[in-house]
Amino acid sequence: MTASPVRAETTRPLSFETLVPAPADGSTQARLGRLTTPHGTVDTPMFMPVGTNATVKALDPDDLAEVGAQIILANTYHLYLRPGHERIARLGGLHRFMGWERPILTDSGGFQVVSLGDLRVIDDDGATFRSHLDGSTHRFTPEHSIAVQEALGPDIAVAFDQPVPPHASTRAQVAEATERTHRWAERSLAAHGRADQALFGIIQGGLEADLRAESTQAIAALPFDGLCIGGLAGDETPAQRAAALDVVVPLLADDPRPRYLMGLGSPGDMLDAVHRGVDLFDSVLPARVARNGTLWTPEGRLNLRNARFQDDPAPVQADCACRLCRHHSRAYLAHLFRADELLAYRLATCHNLTYCLDFMARIRAAIAAGTLPDLVRDQPAGRATEDPARPPARDTQAGAKGG
RNA sequence: GGGUAGGUUGAGCAGGUGGUGAGCUCCGCUGACUGUAGAUCAGCCGUCUUCGACUGUGGGGGUUCGAUUCCCUCCCUGCCCA
């Protein structure tokens, strides 16, 4: 049976326009698109920086705009716990609260179903969490997650789901979580009523091709505004991830909605996923590794905590326009990290997000030019360790200077 | 000059009143991180032929089967008194 749309298509708070469709010759599934939300447009493929606590750690909205962010992700569970969704609603909603007037998407709290591990119990109705802040008990159901997201007021809300870590689960567990996610998707949809907010559904299915296909069809049959692909970006191999995408995307070939692969964030991983038909990404990875000292460059990653950078006068990346590379040397950033200076986190985060978003811009340009397959071919294909952001590259032994 | 408390692996310490001191925290070195319980975590951090072995408690000497420990002496440091 087909679920009936909760709202007429013409009043959708979000539209997705395909500017350059995937070529008919099948050389790539990549396409160029534009998402229109109440707070502005988003060019796709696009990467969304993660701002769990209504802040992308270490950055302010001006920094975000400067690095090229068009949309960011915030987290329902964290903001529900602190400062509280009702307080944010009273203060004018998430956009006004954090001073970011461009698009926002909230994760439903589904990820915390897995990430909080021991602190939660799942049943068919929902999940019970123990707060990581004070140990108090909280109940999340699809209805509650939607209510919290309506109060927060992002442009895009996401259905409450149960992700499954593939390698820690049996097929039966994957099947159970996937079917539960489908029931929760329908309940999320039924609970959602805010007309100026879009709602995305989440496909699960783990690494089992038949379960993935089943989940794709189940979620795509519902009147969501966009389709998330969940349960990846975990401990699967790149080949397994590719296989899963190659099950999902063909089933959505004629579906006009955006496709969002949740949690993926390394440039090489994203390039491969775009090639296989994904439009949106999010990840903490570039920001987290930046805070921990790792800077991404076209030549590979640099760990600015390494001794060899203490005398290196070069910018992290010569042709990068970020505020770090414009104004400062590797030596300076290395110093800031050693001194535990807060500026290190801001500058490093600015750089990695700039790198990521520039990378996506190059991908979009390649799609527009019809050269994406070339870009994919030029990347060292295959394993994640050969990601453009990863290869240790050639070691520029900067420490050898004797004088 | 007298008194007193001390000198432990880069720094700061713990321990140890006759038999096993390589234990901690910094610093330092390296790695990890993908819908953020993460400005975090992990490994290493005296030497070597590194699954083990050796050396090491300020210097020198003594007692003893055996000394970081007890004795003598010297050096150095903090504090107090002259």
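In this predicted model, Ser 215 is buried, because 30 C-beta neighbours lie inside 10 Å, where 20 or more suffice for that class. Ser 215 belongs to helix α8. Beyond the neighbours within four places in sequence, the contacts of Ser 215 are Thr 178, His 182, Ile 203, Gln 204 and Gly 205. One of these partners, His 182, stands 33 residues away from Ser 215 along the chain, yet the two C-alpha atoms are separated by 7.4 Å.

Helix α8, which spans residues 209-220, also packs against a second helix, α9, formed by residues 238-251; the two axes come within 9 Å and cross at roughly 30 degrees. The crossing of α8 and α9 is right-handed. On the α8 side, the contact is made by Ala 209, Arg 212, Ala 213, Thr 216, Gln 217 and Ala 220, and on the α9 side by Ala 244, Val 247, Val 248 and Leu 251. Sorted by class, the residues of this contact comprise seven nonpolar, two polar and one charged.

The model also contains an open sheet of three strands, arranged in the order β7-β8-β9 with antiparallel pairing. Strands β7 (120-122) and β9 (137-140) form the edges, each pairing on one side only. On average, and with direction ignored, neighbouring strands of the sheet are turned by 15 degrees against each other. Strand β8, residues 127-130, is joined to β9 by four bridges, and these two strands run antiparallel. Within this pair, Thr 128 is placed opposite Arg 139 of β9. In general, the strands of a sheet pair through backbone hydrogen bonds, in either a parallel or an antiparallel manner.

A further feature is the protein surface near RNA strand B. This strand is surrounded by 47 residues, of which His 132, Pro 163, Ala 233, Gly 263 and Val 284 are the closest. Several elements of secondary structure supply at least two residues each to this surface: strands β5 (72-75) and β14 (280-283), together with helices α5 (110-115), α11 (285-291) and α14 (342-369). The largest share, five residues, is provided by α11. In terms of class, the surface near RNA strand B consists of 19 nonpolar, 18 polar and ten charged residues.

Technical notes. Residues are numbered from 1 along each chain as its sequence is written. Chains are lettered from A and ligands numbered from 1 in the order in which they are written. This is a predicted model: local features need pLDDT of at least 70, side-chain atom pairs count only at pLDDT 80 or more; totals for chains, interfaces and linings use all residues. Axes are lines fitted to C-alpha atoms, for helices over the stretch in contact, and angles run from 0 to 180 degrees between N-to-C directions. A crossing is left-handed if the near helix is turned anticlockwise from the far one by less than a right angle, and right-handed if clockwise. Two residues are in contact if their C-beta atoms, placed from the backbone, lie within 7 Å. Ala, Val, Leu, Ile, Met, Phe, Trp, Tyr, Cys and Pro count as nonpolar, Asp, Glu, Lys and Arg as charged, and the others, Gly among them, as polar. A residue is near a molecule or strand if its C-beta atom, placed from the backbone, lies within 6 Å of it. Two strands pair if DSSP finds at least two bridges between them. A residue is buried if 20 or more other C-beta atoms lie within 10 Å of its own, exposed if 12 or fewer, and partly exposed in between; C-beta atoms are placed from the backbone.
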